[in-house]
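Welcome! Here are some short exercises with worked solutions to help you find your way around. Take a look at what is shown below, then work through them one by one.

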Number of protein chains: 2
Amino acid sequence: MLPRLDLAAVWLAATASVASAQTYRRFGTCPSLGCVIPPDQQDFLPGQEFDIRFEVHAPKNGSEAFNNGVPDEKFTATISKDGGRPRSIADFFKIRSEPSLEKWTFSWFEDLFAEDAKTPSVVNVASKAYRRVALYEPGTYTVTLNYFSGKKTTAEWTVRPLATKKKAKNVIFFIGDGMTTNMITAARLLAHKTVNGKYQTLLSLDDFPVLGHQMTHSIDTFITDSANSASALYTGHKSTVNALGVYADTSPDPQDDPKVETIVEMLFRIWGSAWGAVSTAFIADATPIALSGHSRLRSQYGVLIDQTLNGVQNYSWTKTDGPDAYFGGGADQFIAGPGSYQGKDYYAEFAKKGYSVSLNKTSLLSAPNDKKALGIFCKNNLPVWIDRHIFPENLEINNDPTGAAKPAKDLPGLKEMTLKAVDILHNRGGKEGFFLMSEAASIDKQMHALDYDRALGDLLELDDTVRATIEKLKKLRILDDTLIVVSADHGHGFDVFGSSDTKYAEAQEDERSKRNAIGVYQNSGLSQYTEPKPGVSYGTGANFPMNWDPRYVLAAGVGAAPDRREDFGIGATPRAPTTSRGGEAYVNDKDRPNGFVVNGTLPTSESQGVHSLTDVPVYAWGPCQETFGGTYSNIDVFYKIANCLGLAHGRNVTEGAGKRHGKGKGKGRD
Amino acid sequence: MLPRLDLAAVWLAATASVASAQTYRRFGTCPSLGCVIPPDQQDFLPGQEFDIRFEVHAPKNGSEAFNNGVPDEKFTATISKDGGRPRSIADFFKIRSEPSLEKWTFSWFEDLFAEDAKTPSVVNVASKAYRRVALYEPGTYTVTLNYFSGKKTTAEWTVRPLATKKKAKNVIFFIGDGMTTNMITAARLLAHKTVNGKYQTLLSLDDFPVLGHQMTHSIDTFITDSANSASALYTGHKSTVNALGVYADTSPDPQDDPKVETIVEMLFRIWGSAWGAVSTAFIADATPIALSGHSRLRSQYGVLIDQTLNGVQNYSWTKTDGPDAYFGGGADQFIAGPGSYQGKDYYAEFAKKGYSVSLNKTSLLSAPNDKKALGIFCKNNLPVWIDRHIFPENLEINNDPTGAAKPAKDLPGLKEMTLKAVDILHNRGGKEGFFLMSEAASIDKQMHALDYDRALGDLLELDDTVRATIEKLKKLRILDDTLIVVSADHGHGFDVFGSSDTKYAEAQEDERSKRNAIGVYQNSGLSQYTEPKPGVSYGTGANFPMNWDPRYVLAAGVGAAPDRREDFGIGATPRAPTTSRGGEAYVNDKDRPNGFVVNGTLPTSESQGVHSLTDVPVYAWGPCQETFGGTYSNIDVFYKIANCLGLAHGRNVTEGAGKRHGKGKGKGRD
């Protein structure tokens, strides 16, 4: 879910998000006037490619005004390893000519008072970028920027140990977007029955032998979004809200920020393995696109899809040759038109590069397993599991992936997409194996809408998908070669606190009395979702509720929400808790009309729930599983997977890319 | 925190809590009219002692009315192992004479409408209890109750495998009451600094190699309280809200419910090890008292303290000979008077049994390490870490543990109590080792009060205590012999969602504008609690915030709360979010007067926040640590610890108790 941004306001947003950090810092990763990007305290995989940018800031006005707003254009920078001799950047990285100087201006607000008064602080910048370098030797590097004759900014970078041996042939990385331990607990209660305190069946996640917690914060704020958190998981580098595959800089161009190589780029370059992404979101959304895209702005959907297929075009960069399996929603970026890059037909662009293209489940299931495959099944996000299975009437909207004015009803779920992707990737990866990311995106999207039933339905679909994938891997006899990781990118402050008697609540006339329908502690009782209801059968199998609409419903809430009405029961239509008047969010009177009004604890401009701080769980099973116990940063998930895949190399390796181009052993850069 | 109960309403509460389960079941563990207690699906450690009760119910009126309210007094019961021949209970357990028949009546409400209409359903009961039995052979047992000529209720019991070898000499079990992963994440952010996304220091918990999740629900409701959840952790048997060391029955006497043996009772009986409990709560509170007490009602504080010192008096039962170290608050149960059992002076009762008695920190620290030790430092719960360190003026209340009208200011914290307990237990346990439970109780208590700063201050105190304990164990050279487990008993639906600019909020006049001081996503910024503030120094060391009252404070919330006012900043006094009028909770106008009003999502009778559903983390370090990974029930924490201590015996063992009585090897029962 994209926080506070829309496509029409790209440049405004780019400035705003630099400008509006909580302490209203000029630039989150740079408290001084000289900025090294990647900044201090960053980690690198040996051989991982990245860009470097230096910026020198000269604020024209405000509390930091300096040198009449004239930045030092003669700055210099050095790098040294393990306390050794400092060398110039160009010399150290063997860059033949110094990059040219760039200059721009940006502005920011020092605090909310300044924002109300519309008095921005303006900063002039001088900058240079060194593109596509890598550090091969493990150790500690010190980068020093010298500017304004005598000022220094240093950054310490750590190159982690080498790990060139591939221990897992395949990796499947499931991401429950926004999924927390609290939600997993609630989903278990919905779908699995207890008898006197003992669960009679359990979640698939409950069978995983190793559990860890990862910290999700951004590089410059403690609450993340899905772009930079996905990027941390895939690159080992934290970034800024709305950025992916790059460290954010302050320049106006969201496509020139210093890039970092992603896991699928490295995996393709080094081993030539196959890779795929599956999501219930539109496929250009942050979590899938961060595997292959590089942008300061996640909302540049069109160009990000082009990068996925054709690679980064404006600078030399690692190619992936495109994903081998790519399934989700998001036809808006594929249909020729305003949503696609340069107005081109991306179904045709993918087909030209040899992809099978599926636009419904039937076609997906019969797509050949030896060809690259694209599958786009509706215009934006895929309808959620509950609407596909319990309220199919909600699919009756114009949602066809060709753009035709008709519904999309022959829809795959996460399970069908994932199992098909495994077939294709196993086939195409051959002995080089594969990497698959499979995302249950609407856990997050429905949590934002405070639609807990729909969020938990999609969490149960994820769990069901994990279970089916393990069975599939067993049948293919590759379970023992495959590392399975299930985790999330961030949380929402959700928890269940009791139950509510919907019959009693409905019979109460005033709002305070309706609250007395809620039972807490011993009055919570047991889940009625696992009890069969006469005449009701959804045919959704053992791992889902028997009854989504019992008299006693789970009472749940989040720690931060907009104004809304609550009745805790399932809604027959997807939830819209607020309506907007004059840019302010107010209670939507049509949502939960029998409920009681609760005023919010968020800025009045927020129409939805927001992300939260909590560490999220990491479940691991397979080769290297033992490395995933305990508590660590989200970037460590990347290093654990990368080391299990033997990606940490002490020299430039491009064999994989060569192989996949049918050229045998590759030489030099692709 | 005791949900909805007070001491004056003991019997009323006993009926009420049977009666008012959410689906308003007659008796949570017994959907039929014949009840086997322990009920179906229970697990047992081989050799663990327990009581059995059978109840036959005859409802007089209501939806279940049966046999004119006359229960079958001629019921019979059998037990068979692994599908073998059923034998009578008395025969199987070699009980010489059948217990006598008991009869009583209880009532319940079928739903909230019946409660409003004051139309209870009344049930007559016939019952028998078989006391102090044990199952020694691993396997599956089927217990069958035959009643009303032809009706049957069966219960399947599983006796887990034998594990007679002691792998850890000592166990230290830290419990953060109500502590969740979300709170641990928030506490880390308060006290530890990040530079560009990398923490420069971490929590002690973050160093633990193994992590698991435990499910906390009660036997008959999905939200637990601290009594039956503690009991599950210490006995391997889930129970009912407000019950500890027993399965709840429906009888009016809260002292006759079927008991289960606790880990310290077994450890003393089998190995003669030392044991202790430390808590920042009053020491008769659920979490510490569940180690040694057996009652349907946690609020029977006096008798529970007597049981701890003298053992269960009304039935034959395992003795523990009293704890070796017992430190906390709660003088009200020790001072001779209305709060103590039979009005006796329990300082004197403990002293008579050879205890040193400390009433302040100075005395505690100099107590002899070779004697049993009692330490009670104030009247009720210990003042929290924040009040002891940041707002010591809040200690200026009459709180002396002698009952004298003066403050208690020479107070130990969790760290001092725990380290002293380790010294004593190590000394007294000798080669038989020890078990220590150390509880940070006010994480829960302050979460109930929505006082997040005070809750997280006590969480940081717990983390600091864990760190210091590990150091202590290293110095004593027993770290490698000691299993350390850190976990919780249940959660609260807490999370951080952003930050709030207190200066901006204060300058806004209307309530909606105050909410616009909140920053989410990129506007959350970084923690300012780790930045030094000129002129402010608390002297609390590296593992606590530098500044508890920055301009930009953490914005946090819970999913369920009463009406209240929010400003997100630290309060100079402990928080009381509501006031009571006519049994209803309303916003306390004196709390957070500069904040904005938020209406609640709880029954209007709730004055505080409530417990939540979420699985809670389990951190493990030391012998058997590898058994604590993955996801499991809270009862499994008991089985993991018990197996690591070699408590699962295939015969009746009382050597330990004999040893500790100075009688050498014990014979038969103590």
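**Exercise 1.** Find the residue that follows α12(A) and state the sign of its phi.

*Solution.* Step one: the residue after α12(A) is G430(A), with a positive phi near 55°. Helices here are DSSP runs of H or I with at least four residues, strands are runs of E with at least two, and both are numbered from the N terminus. Step two: a word on the ground rules. This is a predicted model, in which local features need pLDDT of at least 70 and side-chain atom pairs count only at pLDDT 80 or more, while totals for chains, interfaces and linings use all residues. Residues are numbered from 1 along each chain as its sequence is written, chains are lettered from A and ligands numbered from 1 in the order in which they are written, and side-chain values use heavy atoms, leaving out hydrogens and water.

**Exercise 2.** Check the length of helix α12 of chain A against its expected span.

*Solution.* Step one: the helix covers residues 414–429, which makes 16 residues. Step two: the expected span is 1.5 Å times one less than the number of residues, so α12 should span 22 Å. Step three: its end C-alpha atoms lie 21 Å apart, in agreement with that value. Step four: look at burial, where buried means under 20% relative accessible area (1.4 Å probe, protein chains only). The buried residues of α12(A) include L414(A), M417(A), A421(A) and L425(A).

**Exercise 3.** Place P258(B) and decide: buried or exposed?

*Solution.* Step one: P258(B) sits in the loop between α5 (226–235) and α6 (263–270) of chain B. Step two: its relative accessibility is 1%, so P258(B) counts as buried. Step three: list its contacts, meaning heavy atoms within 4.5 Å. Leaving aside residues up to four places away in sequence, P258(B) touches, among others, I37(B), R131(B) and Y247(B). Step four: F50(B) is 208 residues from P258(B) in sequence, yet their C-alpha atoms are 7.0 Å apart.

**Exercise 4.** Work out how chains A and B are related.

*Solution.* Step one: superpose the copies by least squares on the C-alpha atoms of residues with pLDDT of at least 70 in both. Chain A falls on chain B after a rotation of 180° with 0.0 Å of shift along the axis, at an RMSD of 0.0 Å. Step two: the two copies are therefore related as by a two-fold rotation axis. Step three: in chain A, G559(A) has the C-alpha nearest the axis, 2.3 Å from it.

Methods:
Buried means under 20% relative accessible area, exposed over 50%, partly exposed in between (1.4 Å probe, protein chains only).
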